[in-house]
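Got your viewer ready? Load the model, switch to a cartoon view, and keep the selection box handy for a short tour.

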Amino acid sequence: MDDFEMCPRFEKAVDMLSKRWVALIVFVLMKGPRRFGEIESCLSNLSGKVLSDRLKEMENEGIIERTVYPEMPVRIEYSLTSKGNALAPILGEIGNWSTDWIEIGAGK
């Protein structure tokens with residue numbers, strides 16, 4: 001059998017995107033900038049603490065950016081960077097695959 005070595009970049013990408021909620025947060029932000037509460041309301045069962053943690057991780061990875069508007073009260077929005085927007089075709093293909101192959105309901 002041929003030796004197989006996993007590409008470290010691919011492994012890191014899959015590790016990052018497979019963290020719970022990351023792909024769904026990207027999916028929500030594909031429609032445009034959103035505030036924390038808007039993201040939270042789009043994703044049921046996501047706690048504020050986990051959302052906050054994921055947003056920080058994604059910001060550190062350069063997938064999203066956090067913009068603070070100096071208004072009263074202060075407004076903070078999260079949006080995808082070009083690196084984050086590059087995930088759109090991938091998530092679109094996952095959506096296509098799920099439409100063709102994933103059943104929802106009693107048969108799960």
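How many residues sit between β1 and β2 in the hairpin they form? Keep that in mind while you select the two strands, and remember that you're looking at a predicted model.

**Stop 1: the hairpin**

Select residues 64-69 for strand β1 and residues 75-80 for strand β2. Together β1 and β2 make a hairpin, and the answer is 5 residues between them. The two strands run antiparallel, and 6 bridges join them. Now show side chains for arginine 66 and tyrosine 78: arginine 66 stands opposite tyrosine 78, which belongs to β2.

Stay here and pick arginine 75 and glutamate 77. They form a salt bridge, with the closest N and O atoms 2.9 Å apart. Is glutamate 77 buried or exposed? Glutamate 77 counts as buried, because its relative accessible area is 16% and the cut-off for buried is under 20%.

Next, click serine 79, which has its place in strand β2. Serine 79 is buried too, with a relative accessible area of 13%. What does serine 79 touch, leaving aside its neighbours within four places in sequence? Highlight Pro33, Ile63, Ile64 and Glu65: serine 79 is in contact with each of these.

**Stop 2: a tie between distant parts of the sequence**

Select lysine 12 and glutamate 61. Their side chains meet in a salt bridge, 3.9 Å from N to O. Lysine 12 lies in helix α1 (residues 8-17), while glutamate 61 is in the loop between α4 (48-60) and β1, so this pair ties together parts that are 49 residues apart in sequence. Glutamate 61 is partly exposed, at 29% relative accessible area.

**Stop 3: along helix α4**

Move into helix α4 and show lysine 49 and aspartate 53. These side chains also meet in a salt bridge, this time at 2.9 Å, N to O. Why are lysine 49 and aspartate 53 separated by about one helical turn? Because they are 4 residues apart in helix α4. Try a surface view here: lysine 49 counts as exposed at 57% relative accessibility, whereas aspartate 53 counts as partly exposed at 26%.

While side chains are on, add Lys19, Arg54 and Glu57, which are linked in a network of salt bridges. A search of the whole structure finds 6 salt bridges.

**Stop 4: the largest pocket**

Now for some empty space. Select Ala23, Leu24, Phe27, Leu91, Ile94, Gly95, Trp97, Ser98 and Ile102, the residues that line the largest pocket. Two elements give two or more residues to that lining: α2 (22-29) and α6 (88-101). Which of the elements gives the most to the lining? It's α6, with 5 residues. Colour the lining by residue type and you'll get 7 nonpolar, 2 polar and no charged residues. The pocket itself holds about 260 Å³ of space.

**Stop 5: a proline in α6**

Finish by selecting proline 89, which is found in helix α6. Proline 89 is exposed, with a relative accessible area of 53%. Now add proline 70 and draw a distance between the two C-alpha atoms: proline 89 and proline 70 are 34 Å apart in space and 19 residues apart in sequence.

Methods:
Residues numbered from 1 in each chain as written. Predicted model: local features only at pLDDT ≥ 70, side-chain atom pairs only at ≥ 80, totals over all residues. Heavy atoms only, no water. 1 Å grid on protein atoms, 1.4 Å probe; cavity = no way out; pocket = protein on both sides within 12 Å on 5 of 7 lines; lining within 4 Å. Points joined across faces, edges and corners; volume = space filled by probe spheres on them. Nonpolar A, V, L, I, M, F, W, Y, C, P; charged D, E, K, R; others polar. Pairing = 2+ DSSP bridges. Buried < 20%, exposed > 50% of the residue type's maximum accessible area, 1.4 Å probe, protein only. Salt bridge = Lys/Arg side-chain N within 4 Å of Asp/Glu carboxyl O. Contact = heavy atoms within 4.5 Å.
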